[in-house]
Every structure is written in structure tokens, then in C-alpha cells.
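Here are a few exercises to work through with the model open in your viewer. Try each task before you read its solution.

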Number of protein chains: 2
Amino acid sequence: MMARTRTSRDDSTAERILDVAERLVQTRGFNGFSYADIAAELGITTASLHYHFPAKAALGRALIARYAERFSGALHRIDQDLADARAKLAAYADLYAGVLGGKRMCMCGMLAAEYETLPQPMRSAVIRFFDENRTWLAHVLSEGLQDKTLTFASPEEEVAQGILSTLEGAMLVAGPYGDMAPFKSTVRVLLANLSS
Amino acid sequence: MMARTRTSRDDSTAERILDVAERLVQTRGFNGFSYADIAAELGITTASLHYHFPAKAALGRALIARYAERFSGALHRIDQDLADARAKLAAYADLYAGVLGGKRMCMCGMLAAEYETLPQPMRSAVIRFFDENRTWLAHVLSEGLQDKTLTFASPEEEVAQGILSTLEGAMLVAGPYGDMAPFKSTVRVLLANLSS
DNA sequence: GTCTATAGGCAGATAGAC
DNA sequence: GTCTATCTGCCTATAGAC
């Protein structure tokens, strides 16, 4: 009962639009690209874009929704695949490293900067993304206390907030240098502080 | 031999333009405001704005220049006024807290997000700002080893990079919540990790 | 679903009067 | 220095043919 002949990746126009728009948001910001940019890259017209996403705000909502879903999936996979909390945290940092390695900023970090200019639905989605990350991190930190792979003195929630802030900031500051080194330095110090 | 009757603050039109534009960059981003926004707020026309700053790129350059100069002054004042490295670091974090308390993002953090869309002169200025901050931090960290008010294992440069990243990220993530609490949590954890 | 054509608005920017 | 008037271009968005 397959709806389509695709293997796993969805090549529909809507998905290809999201792919291009996603890269543009992550590199230039939501206010830094236009429908014309996407259309030109895909070889279609802006009118076609409006068929799939009637307004830019709708495109924005779809972008965060898909991004957050993927990220959520990655977190669950980390939970399933890795045993100790220390390894989970390292894998979490690697998620960010992968994004930066693709010359991109975290989508929600980028949108956090532009927050004041965003339509309301996008704002709520950004908040939810951060909330989910903090919750997941706090859980991993609790685990780390139990399995003794992590050491820290402050409350889980504060440390979780610190980790999220540090990784988002590390991407933000490293971006302009076009170099992974500053990011890696920061991650090294961060993880060192959480080991005995 | 006073050039003007002002007390200390410069109320010239150019300065008032910079004041408004500065707030707009820090809250909405460089791509998130227009000459019309500034003009409306000051009760002048956009043509007048172009008299003072011929192009938006020129305004942008002036904005970073003034911001970086002020920040640099604040760092030197910290060096003069405070004795131990621990206190200097706390004062440094307070600089960021003050910006966030004014419902703003660090200007260069904001511009780092928009980096790809910026004219070249603004890009270099953003890089220089971060460089100066890292250098200053590394110096304070060295001091902290000597006066024994700071403890850390990683190289000064890496820790400096980590501090800068953490503070920028803490502002970025806290912004959307309109609340100082997440920022303060992060700073608390950060400073705790640098104390014995 | 994709196109052509176009509307309507706002962007950054300039000329020239006062 | 500040204005009015205007230009050009780009932006989001829509109508309607294919």
C-alpha cells in the first residue's frame, strides 16, 4: 500500500522548496532571502512557490516544523543507540557540529536572533524547540549523575540551559570565521567541565 | 576650547540617528529595519538620513564602530577599576546582562547571525570585535591563574572562546523568553566552573 | 502544478529647492 | 541640514490561462 514509488527521500516539489529555503534561512536568516531566491535556484516561478506555500509565514512554519521533527528524531535515536549519558552528550554536540560543518547556523538559533520580526506561529515554534532541547538535556544530565559518567554541581535545569546556550553561541561566533576550530574549542571546554 | 556647549552626551542628529538605528539592529537585525523606520521615529525624512549616512552600509559601519569603541572603553574601565580577575570576569558578564536587560541582543552577536548578508566592511568589524573580546578574556584568565581567583584546566585561548560563546549564546537563547532567568542560570554555571 | 502577467507596496537612493 | 518629489528595483502576493 505504498503511496509512491520513492525509496525513502521525498523529492516532491514542496520538499525541494523546503530544502532550499532551509539552507537559506540557516545561512542568511528568514529576512535574508526571498521567494525569488528559492524560485531561481529550483528553476520555477514565484507563483508556483505560492501554490505550495501561500505566504512566506506559512513557509516559515513548515520549515521549523520539519526541522524540529528531524531534530527530535535525532534525539530519540541518540537515546536508543547510546548507553551512557556522557556519550549522549557528546553525540548531542556532534549534531551541532554537523550543522556548522555544513556552513549553517542552527535554524532556531538564527530565528531567535530575528525573533522580534517573526510572525507569531514561528515564535512559538522557536520557543518549543528550545524547551524540548532543555528538557532532553536535563534528562540526560540526571542519567549522567546516576551512571556516574557526568559530574556537575549546579541544578540539572541550569546546566541544561548552559549547555544549550554554549552550543548555540559557539555556532554563532564560529560562523563568521568559517572554521570549526572555535566551535571545537568551546565544546572541548564544555565537556571537560562535565567530566570528573 | 570647547567645540560645543554640550555637557557630555552628543545630541547631534547623526548621534540620534545612530541611537535609534543601534536599538533597531540589536532588536530586529540589520535586515530587519529600514531608513523609513528611523526617520519616522525621529520625525525627519529618509532624504535627511541619506545626508548623514549616504548608504545603509555606511550607517552599518558607523554603528559597529561606535559600539566597538564603547565596548572597548568598558573593558579598559574594568581593568582599571577592579583588582582581581574573578571580579573582572563577573563585571564582563554584567556588561552582557545590561544589554539583555535593555531587551537587546549583543550587536555583534546579531550581526554574526546575519554575517552572510553583510557588506564586507561590516564583516571585518564583527570579526575584530570578537577578536578583541577573546584577547581581553585570555588576558584576564592569565591574571586569574596568577592571582589565584580563577581555576581552569584548558588553555586560556580555548576557555576565552568558551566564555565568549557562552555569553553570546545565553543572550541569544534568553531573548525570546523576555526573561533574564535563563541568562543568569548560564552565567552562574559558567562562573562556578571557573572557581575552585 | 506551473506558467504569464501584474498589482501594490516598500526598499534604498538621488536631484534639486529652500 | 532638511525638505519634496521621484526613480528604480525588489518584495510578497494574486488572477487567470494552460
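**Exercise 1. Find which residues come nearest to DNA strand C, and say how many residues are around the strand.**

Keep in mind that this is a predicted model. A residue goes on the list if one of its heavy atoms lies within 4 Å of the strand.

- Step 1: That gives 18 residues around DNA strand C, and the nearest are Thr45(A), Ser48(A), His52(A), His50(B) and Lys56(B).
- Step 2: Now look at the DNA side. Of the atoms of strand C within 4 Å of the protein, 66% belong to sugar and phosphate.
- Step 3: Sort the surface near strand C by class, and you get 9 nonpolar, 8 polar and 1 charged residues.

**Exercise 2. Work out which polar contacts reach a phosphate oxygen of DNA strand C, and which one reaches a base nitrogen.**

The cut-off you need is a pair of N or O atoms within 3.5 Å.

- Step 1: Start with His52(A). An N or O atom in its side chain sits 2.7 Å from a phosphate oxygen of strand C.
- Step 2: Switch chains. Ser34(B) puts a polar side-chain atom 3.2 Å from a phosphate oxygen of strand C.
- Step 3: For the base, go to His50(B), where a polar side-chain atom is 3.3 Å from a base nitrogen of strand C.
- Step 4: Place this on the fold. H3 of chain A, plus helix H2 (35-42) and H3 of chain B, each give at least two residues to the surface near strand C. H3(A) has the largest share, with 4 residues.

**Exercise 3. Do the same for DNA strand D: which residues come nearest, and which element gives the most to the surface?**

- Step 1: There are 18 residues around strand D, with Tyr35(A), Lys56(A), Thr45(B), Ser48(B) and His52(B) nearest. Sugar and phosphate make up 65% of the strand D atoms within 4 Å of the protein.
- Step 2: Check the phosphate contacts. A polar backbone atom of Lys56(A) is 2.7 Å from a phosphate oxygen of strand D. Ser34(A) has a polar side-chain atom 3.2 Å from a phosphate oxygen of strand D, and so does Thr13(B), again at 3.2 Å.
- Step 3: Collect the elements. Helix H2 (35-42) and helix H3 (46-52) of chain A, along with helix H3 (46-52) of chain B, give two or more residues each. H3(B) gives the most, with 4 residues.
- Step 4: By class, the surface near strand D holds 9 nonpolar, 8 polar and 1 charged residues.

**Exercise 4. Say how the two protein chains are related, and where the axis runs closest to chain A.**

- Step 1: Superpose chain A on chain B. You need a rotation of 180° with 0.0 Å of shift along its axis, and the RMSD comes out at 0.0 Å.
- Step 2: The copies are therefore related as by a two-fold rotation axis.
- Step 3: In chain A, the residue closest to that axis is Gly169(A), at 1.7 Å by C-alpha.
- Step 4: The copies meet through the same surface, because 100% of the interface residues of chain A are also interface residues in chain B.

**Exercise 5. Two lysines have a positive phi. Decide for each whether it is buried or exposed, and where it lies.**

- Step 1: Lys103(A) has a phi near 60° and sits in the loop between helix H5 (85-101) and helix H6 (107-113) of chain A. Its relative accessible area is 59%, so Lys103(A) is exposed.
- Step 2: Lys148(B) has a phi of about 60° and lies in the loop between helix H7 (120-146) and helix H8 (156-174) of chain B. With 72% relative accessibility, Lys148(B) is exposed.

Definitions and conventions: Residues numbered from 1 in each chain as written. Chains lettered and ligands numbered in written order. Predicted model: local features only at pLDDT ≥ 70, side-chain atom pairs only at ≥ 80, totals over all residues. Heavy atoms only, no water. Polar contact = N/O pair within 3.5 Å; in protein donor to acceptor, adjacent residues only side chain to side chain. Nonpolar A, V, L, I, M, F, W, Y, C, P; charged D, E, K, R; others polar. Least-squares fit on C-alpha atoms with pLDDT ≥ 70 in both. Contact = heavy atoms within 4.5 Å. Buried < 20%, exposed > 50% of the residue type's maximum accessible area, 1.4 Å probe, protein only.
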